[in-house]
Amino acid sequence: MHSHHNSSTLDVVEAHLTMERLGFPDGERRWIAVSLSYDPADPWAVALDLYVGPAAVRWTFGRELLVGGLHEPVGEGDVMVSPSLDDAGRAVVVIELRSPDGSLVGMLPAREVGAFVRGVLDTVPAGAETAHLDVDALVDLMLHPDGQHGRS
């Protein structure tokens with residue numbers, strides 16, 4: 001896990017992991033590279049990048065799903081996260097992603113997800129999210145959703 005600076009004073013927290021994809025009818029095991037990232041400038045969200053094909057596919061969802069999903073099944077709709085055990089009895093986190101284009105179910109090692117979550121909570125503790133919100137940037141985005149800013 002490593003971090004780098006963004007425009008705010010806090011580091012972006014990142015973890016690069018290997019996800020085992022589940023649900024293949026042939027029972028074959030398949031893995032894909034993924035990364036988790038957390039930017040304190042968007043304090044309620046985490047991003048999961050799936051490296052499938054030429055470009056990464058990014059899913060952004062509430063960080064509370066990852067925090068809660070370590071211990072109990074959480075989520076509804078597009079993103080569900082739950083604790084489980086793999087075939088060897090190791091603790092894993094199962095992430096289920098659904099979109100109109102299809103779905104993906106994958107397992108990540110709970111130890112590595114837990115380390116990422118600890119890094120996230122060390123950076124912005126639960127309940128402190130609003131203190132890290134860039135209100136000026138948010139207002140600017142609401143006033144200029146097309147990216148055309150009033151400043152020159």
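**Entry 1. Overall layout**

I began with the secondary structure and counted three helices and nine strands in the chain. The model I consulted is a predicted one. Reading from the N terminus, I noted the order of elements as β-β-β-β-β-α-β-β-β-β-α-α.

**Entry 2. Burial, surface and contacts of the chain**

I then looked up the totals for the chain. Of its 152 residues, 36% count as buried. I recorded an accessible surface of about 9,100 Å²; carbon and sulfur atoms hold 54% of that area. For contacts with a separation of 6 or more, I found that 36% join residues 24 or more positions apart.

**Entry 3. Helix 2**

I checked the length of helix 2, which covers residues 110-123. Its 14 residues, at 1.5 Å a residue, should span 20 Å, and I found its end C-alpha atoms 20 Å apart, so the two values agree.

I next listed the buried residues of this helix: A110, V113, G114, F116, V117, G119, V120 and T123. I asked which elements these buried residues pack against. Among the strands, I noted strand 2 (11-22), strand 3 (30-38), strand 4 (45-52), strand 8 (91-99) and strand 9 (102-109). Helix 1 (63-69) is also a packing partner of the buried residues of helix 2.

**Entry 4. V46**

I turned to V46, which is found in strand 4. Its relative accessibility is 2%, and because buried means under 20%, I entered V46 as buried.

Leaving aside neighbours within four places in sequence, I listed the contacts of V46 as S37, Y38, W59, T60, F61, G62, R63, L66 and F116. Of these, F116 also appears in my list of buried residues of helix 2. I also looked up the pair V46 and V117: the two residues are 71 apart along the chain, and their C-alpha atoms are separated by 9.8 Å.

**Entry 5. D86**

My last query concerned D86, which I located in the loop between strand 7 (79-85) and strand 8. Is D86 buried or exposed? I read a relative accessibility of 12%, which is under the 20% cut-off, and D86 therefore counts as buried.

I looked for a polar partner of the D86 side chain and found the backbone nitrogen of R90 at 2.8 Å from one of its polar atoms. Not counting residues up to four places away in sequence, I recorded that D86 touches V92 and M107.

Note on methods. Residues are numbered from 1 along each chain as its sequence is written. This is a predicted model: local features need pLDDT of at least 70, side-chain atom pairs count only at pLDDT 80 or more; totals for chains, interfaces and linings use all residues. Side-chain values use heavy atoms; hydrogens and water are left out. Helices (H or I, at least four residues) and strands (E, at least two) are DSSP runs, numbered from the N terminus. Buried means under 20% relative accessible area, exposed over 50%, partly exposed in between (1.4 Å probe, protein chains only). Contact means heavy atoms within 4.5 Å. Accessible areas come from the Shrake-Rupley method with a 1.4 Å probe; for residues, only the protein chains shown count as cover. The expected span of a helix is 1.5 Å times one less than its number of residues. A polar contact is a pair of N or O atoms within 3.5 Å; within protein, one must be able to donate a hydrogen and the other to accept it, and residues adjacent in sequence count only if both atoms are side-chain atoms.
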